[in-house]
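Grab a viewer and a coffee, and let's work through a fold by hand. Each exercise sets a task and then walks through the solution.

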Amino acid sequence: MMWYRPDQSLGQGAQAHLQVRNLSAGYGPVRVLREVTLEARPGLTVILGPNGAGKTTLLKALNGLIPRQGEVLLNREELPEKTHEIVRGGVVLVAEGRQLFGQMTVLENLELGGWLVNKSERLRRIEQVFGDFPKLKERANQLAGTMSGGEQQMVAVARAMMSAPRLLMLDEPSLGLAPKMVDELLGIARRIADAGTTVLMVEQNVKKALAVADRGYVLERGQIVASGDARLLTRSSVVLEAYLGADGTETTDARDAMQRRKPQSTT
Ligand SMILES: Nc1ncnc2c1ncn2[C@@H]1O[C@H](COP(=O)(O)OP(=O)(O)OP(=O)(O)O)[C@@H](O)[C@H]1O
Ligand SMILES: [Mg+2]
């Protein structure tokens, strides 16, 4: 895979390192995230946690969709607060639910992802993306809304790559997909990270996500309760007790996860 990389003259040559310190965010008076501190180094970082933990809220705050408090640095520079400035700064979110334009073709959806650049550069990036996603090239003129869930998720990721992000944020890219498509999407996330775009990914497929990630965090009730190297996290008590049953079965149900987890347990 040869992902397009932003050129050095934009000052975006260095691989992205996101540092989040004491981030709080929520909706109106309701504070969901409480002083969250984490980082996404070059590579793939996964955020795990039960339903309602605040995972999407975290990505929304980092993408400027909701106000934030605390410090957010990208390569040691304060991340802007407005979404369009964040995107210009090379940070893109593939939101839950994909948000494609269903009545537009795959190609048109990709073109929209390249709105920041001129036509010739946009065409260059489309060729690049088609090279990386040959399946999408075959479907260039299909209406996005008529594609399968997995294909649509692929279009959403490809569209995000059209802006040549330094940091790609994915909110549950495998949601609702069959196991084979889950593997394919997580594999794509891994390859994007290997090609030099830092990836911060929220996932509920705990085992599979930790298998492709470099590092991970577990978020519960708006706070980080465990973090570390992905391989070590797989064996941490928080993850084992909450998300991977003793019999190896995986649960993603919030109440189930809470019940499985003993109170006060940490890594
Ligand atoms: N627009 C909103 N207005 C008010 N509260 C919200 C809004 N969106 C989310 N919340 C609340 O914020 C909390 C965290 O939600 P969030 O969507 O971040 O969780 P999540 O970890 O992404 O869960 P899931 O795994 O189900 O996607 C929940 O209690 C939710 O009800
Ligand atoms: Mg969510």
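The exercises below go from the whole chain down to single residues, and the model they use is a predicted one.

**Exercise 1. Take stock of the chain: how many helices and strands are there, and what percentage of the residues is buried?**

Step 1. Count the elements: the chain has 11 helices and 10 strands.

Step 2. Turn to burial. Of the 267 residues in the chain, 43% are buried, where buried takes 20 or more other C-beta atoms within 10 Å of a residue's own.

Step 3. Look at contact range. Take the contacts with a separation of 6 or more: 67% of them are between residues 24 or more positions apart.

**Exercise 2. Work out the six-stranded sheet: what is the strand order, and which strands are at the edges?**

Step 1. Trace the order across the sheet, which reads 6-7-8-3-9-10. The sheet is open and its pairing is mixed.

Step 2. Find the ends. Strand 6 (91–94) and strand 10 (223–229) are the edge strands, each pairing on one side only.

Step 3. Add the twist, which averages 15° from one strand to the next.

Step 4. See what packs on it. Helix 1 (residues 55–62) touches strand 3 (44–48), strand 6, strand 7 (167–171), strand 8 (198–202) and strand 9, and its direction makes about 150° with that of strand 7. Helix 7 (residues 179–194) lies across strands 3, 7 and 8, at about 155° to strand 8.

**Exercise 3. Zoom in on strand 9: in which sense does it pair with strand 3, and in which with strand 10?**

Step 1. Take strand 3. The pairing with strand 9 is parallel, over four bridges, and threonine 45 stands opposite arginine 215.

Step 2. Take strand 10. Strand 9 (residues 215–220) pairs with strand 10 in the antiparallel sense over six bridges. Glycine 216 has glycine 228 as its bridge partner, and glutamate 220 has glutamine 223.

Step 3. Inspect the turn. Strands 9 and 10 make a hairpin with two residues between them, and arginine 221 in the turn has a positive phi of about 45°.

Step 4. Sort the side chains. In a regular strand they alternate between the two faces of the sheet. Here Arg215, Tyr217 and Leu219 point one way, Gly216, Val218 and Glu220 point the other way, and all are buried. That fits the tally for strand 9: six of its six residues are buried.

**Exercise 4. Now the four-stranded sheet: which strands stand at its edges, and why is one side of each left without a neighbour?**

Step 1. Write down the order, 2-1-4-5, in an open sheet with antiparallel pairing.

Step 2. Read off the edges. Strand 2 and strand 5 (77–78) each have a single partner strand, so one side of each has no neighbour in the sheet.

Step 3. Check the pairs. Strand 1 (residues 18–27) and strand 2 share seven bridges, with alanine 25 partnered by leucine 33. Strand 4 (residues 68–74) and strand 5 are joined by two bridges, and leucine 73 stands opposite glutamate 78.

Step 4. Look at the hairpin of strands 1 and 2. Two residues lie between these strands, and glycine 28 in the turn has a positive phi of about 55°.

Step 5. Bring back helix 1. It packs on this sheet too, touching strands 1, 2 and 4, with its direction at about 75° to that of strand 2.

**Exercise 5. Map the shell around ligand 1: which element gives the largest share of its residues?**

Step 1. List the shell: Tyr27, Val30, Val32, Gly49, Asn51, Gly52, Ala53, Gly54, Lys55, Thr56 and Thr57.

Step 2. Assign elements. Strand 2 (30–40) and helix 1 give two or more residues each, and helix 1 has the largest share with three.

Step 3. Sort by character: four are nonpolar, six polar and one charged.

**Exercise 6. Explain helix 3: why do its buried residues sit on the same side?**

Step 1. Identify the buried residues of helix 3 (residues 106–113): Val106, Asn109, Leu110 and Gly113.

Step 2. Use the arc. They cover only 100° around the axis, which puts them on the same side of helix 3.

Step 3. Recall the helix geometry. With 3.6 residues a turn, residues three or four places apart in an α-helix point the same way.

Step 4. Name the neighbours. The buried residues of helix 3 pack against helix 4 (119–132), helix 5 (134–138) and helix 6 (149–161).

Methods: Residues are numbered from 1 along each chain as its sequence is written. Chains are lettered from A and ligands numbered from 1 in the order in which they are written. This is a predicted model: local features need pLDDT of at least 70, side-chain atom pairs count only at pLDDT 80 or more; totals for chains, interfaces and linings use all residues. Two strands pair if DSSP finds at least two bridges between them. Axes are lines fitted to C-alpha atoms, for helices over the stretch in contact, and angles run from 0 to 180 degrees between N-to-C directions. Two residues are in contact if their C-beta atoms, placed from the backbone, lie within 7 Å. A residue is near a molecule or strand if its C-beta atom, placed from the backbone, lies within 6 Å of it. Ala, Val, Leu, Ile, Met, Phe, Trp, Tyr, Cys and Pro count as nonpolar, Asp, Glu, Lys and Arg as charged, and the others, Gly among them, as polar. A residue is buried if 20 or more other C-beta atoms lie within 10 Å of its own, exposed if 12 or fewer, and partly exposed in between; C-beta atoms are placed from the backbone. The arc is that of the directions from the helix axis to the C-beta atoms.
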